[in-house]
Amino acid sequence: MTAPAEPPMAEPHAEPDATQQTRQQAETVSPPPGCPAHGATQLYGSAVDRDPVALYEKLRDEHGAVAPVLLEGDVPAWLVLGYRENMEAARTPTRFSRDSRIWRDWTEGRIPAQSPLVPMLGWRPDCVSQDGEEHQRLRSAVNESLGRFDRHGIRRHIQRYADQLIDGFAEAGTANLLDQYAHHLPMLVLTRMFGMPEEVGPRLVEACTGLIKGGEKAMEYNEYIMGALHELAERKRVDPGHDFASWLIAHPAELAADEVESHLRLVLIAANETTTNLIANTLRVVLTDPRFRASLTGGLMTVPDALEQVLWDEPPLAVCPGRFATGDMEFGGQHIKAGDLLVLGLAAGNADPAVRPDLDLPVHGNRSHLAFSRGPHECPGQDIGRAITDTAVDALLTRLPDVHLAVPEEELEWVSSTWSRHLVALPAQFTPRRPTPATATGSIPAQRRATEEGGPTQSQLASPAAGSVRESVRESAPQANSQAALQAAPQSVPQSAPRRSRWSALIRLLRGR
């Protein structure tokens, strides 16, 4: 049995010489006969930027449930558009593996080592890149370590951080809810859960966002993230604490050093980027869709209801990387060859007419969406993401009940990548308010505190207080693996002293220092 080809690792590689690079680029844009690149549509660039949903529907009309597409660098892939086909690909690792070491375009030398796809699709020693028993070993370490967090404590921290961020703009009467709120809240929570020093927070926000967006700096962002996490893991081996990193290191699965750092990266990137997007999308819908605001103010809908609708209509990750065919097969009306790359169209699957013939109908209480994928690789941190988002929206509506968009909805701008679609800004206006006494103590509103009864399990994080926002809005109107990488962050990652100072001051205040 031949050994698998060397995997496309996310760590830095030596730059290929000019001749090799030219050959690789030529092969990338000139795929062999029979691969999905022939007649394929680019899943990046102007078409995705303009209207990704329209692009998905165009591909569905032309190709059916599975469509040939080109990823950044004109790398061929199959985009899974059908709901049932997404479920099958996600649930059947024997046919659709997560192990990119069988990716034919990589093994045949058509993917440059510095391709921006490598940080997203490359093999790593983590549970996402494994199937079978090895996946179960690694996944159990992640699940059980996350499960050790007390749900009451997590929600208290989320509420406290949300209140502190709101205090930063409440008196101004205006705010960009994306830059001043949604971008920072998830990472504040995650750095606390990871046991990380507060000064790396702002830089990690930029690096995680830049990695997902792709482009020429994707590898550089990845190196910075891995450097920060390497520093963290080394410190926690010497001085463990009550945090996710320490629990991963001490888990009975006995994760190796590279496995610990890879899983820290996995949870950090997935939880931060998707939760930021989910907060922003949920706030936008609550502030702009008359159905939602009317239902919330009338007591007919809770924030968790609105959140579930957003997970159906605008999942935080529109396309999920990636699956690799383990053999030749017919799938979704297409002939798939062994080693072909498939990417899961979560947003397209949620809008499949076969399961949602009328997209305007509400889906309250229906959690059968694909937003967190399905099967053995379903997102392990989804309950934390739900808890952060629910608390973020609830806190904002409670503190600023008359908050509304500062511009017409049609003037909101978006930026898209292969994997996700983001608001550029979310400008809002509201009646200026002073910080409340509750902020100083970090207490949770009585309504939520009274309903948060139960055991301290991470799976219960997604069980928020139903209707906790009803009364509050009833009266309202409409990183590489070295120290050097940690110090040499990409230029576009903000490193200015003022921003670190504000972040550090906030954390020190929360920790009572």
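This tour visits several aromatic rings and one helix in a predicted model.

**First stop: a pair between two strands.** The structure contains six aromatic pairs. A pair of aromatic rings is described by the distance of the centres and the angle of the planes. Select Phe-96 and Phe-331. Their ring centres are 4.7 Å apart and their planes meet at 50°, so the pair counts as tilted; the tilted class covers angles that are neither under 30 degrees nor over 60. Now display the strands: Phe-96 belongs to β4 (residues 96-97) and Phe-331 to β7 (residues 329-331), so this pair ties together parts that are 235 residues apart in sequence. Both Phe-96 and Phe-331 are buried.

**Second stop: a pair between two loops.** Select Phe-169 and Phe-430, which form a tilted pair with 6.1 Å from centre to centre and 55° between the planes. Phe-169 is found in the loop between α8 (151-167) and β5 (174-176), and Phe-430 in the loop between β13 (427-429) and α19 (437-441), so the pair ties together parts that are 261 residues apart in sequence. Phe-169 and Phe-430 are both buried. Add Tyr-181 to the selection: ring pairs link Phe-169, Tyr-181 and Phe-430 into a cluster.

**Third stop: a charge over a ring.** Select Trp-414 and Arg-421. Arg-421 lies over the face of Trp-414, at 3.8 Å from the ring centre.

**Last stop: a covered helix.** Select residues 185-194, which make up helix α10. How many of the ten residues of α10 are buried? Nine of them are, so the helix is mostly covered. Among the buried residues are Leu-185, Met-187, Val-189 and Phe-194. Finally, select Gly-195, just after α10, which takes a positive phi of about 75°.

Conventions:
Residues are numbered from 1 along each chain as its sequence is written. This is a predicted model: local features need pLDDT of at least 70, side-chain atom pairs count only at pLDDT 80 or more; totals for chains, interfaces and linings use all residues. Side-chain values use heavy atoms; hydrogens and water are left out. Rings of Phe, Tyr and Trp (its six-membered ring) pair if their centres lie within 6.5 Å; planes under 30 degrees apart count as stacked, over 60 as edge-to-face and the rest as tilted. Helices (H or I, at least four residues) and strands (E, at least two) are DSSP runs, numbered from the N terminus. Buried means under 20% relative accessible area, exposed over 50%, partly exposed in between (1.4 Å probe, protein chains only). A charge sits over a ring if NZ of Lys or CZ of Arg is within 6 Å of the ring centre and within 35 degrees of the ring normal.
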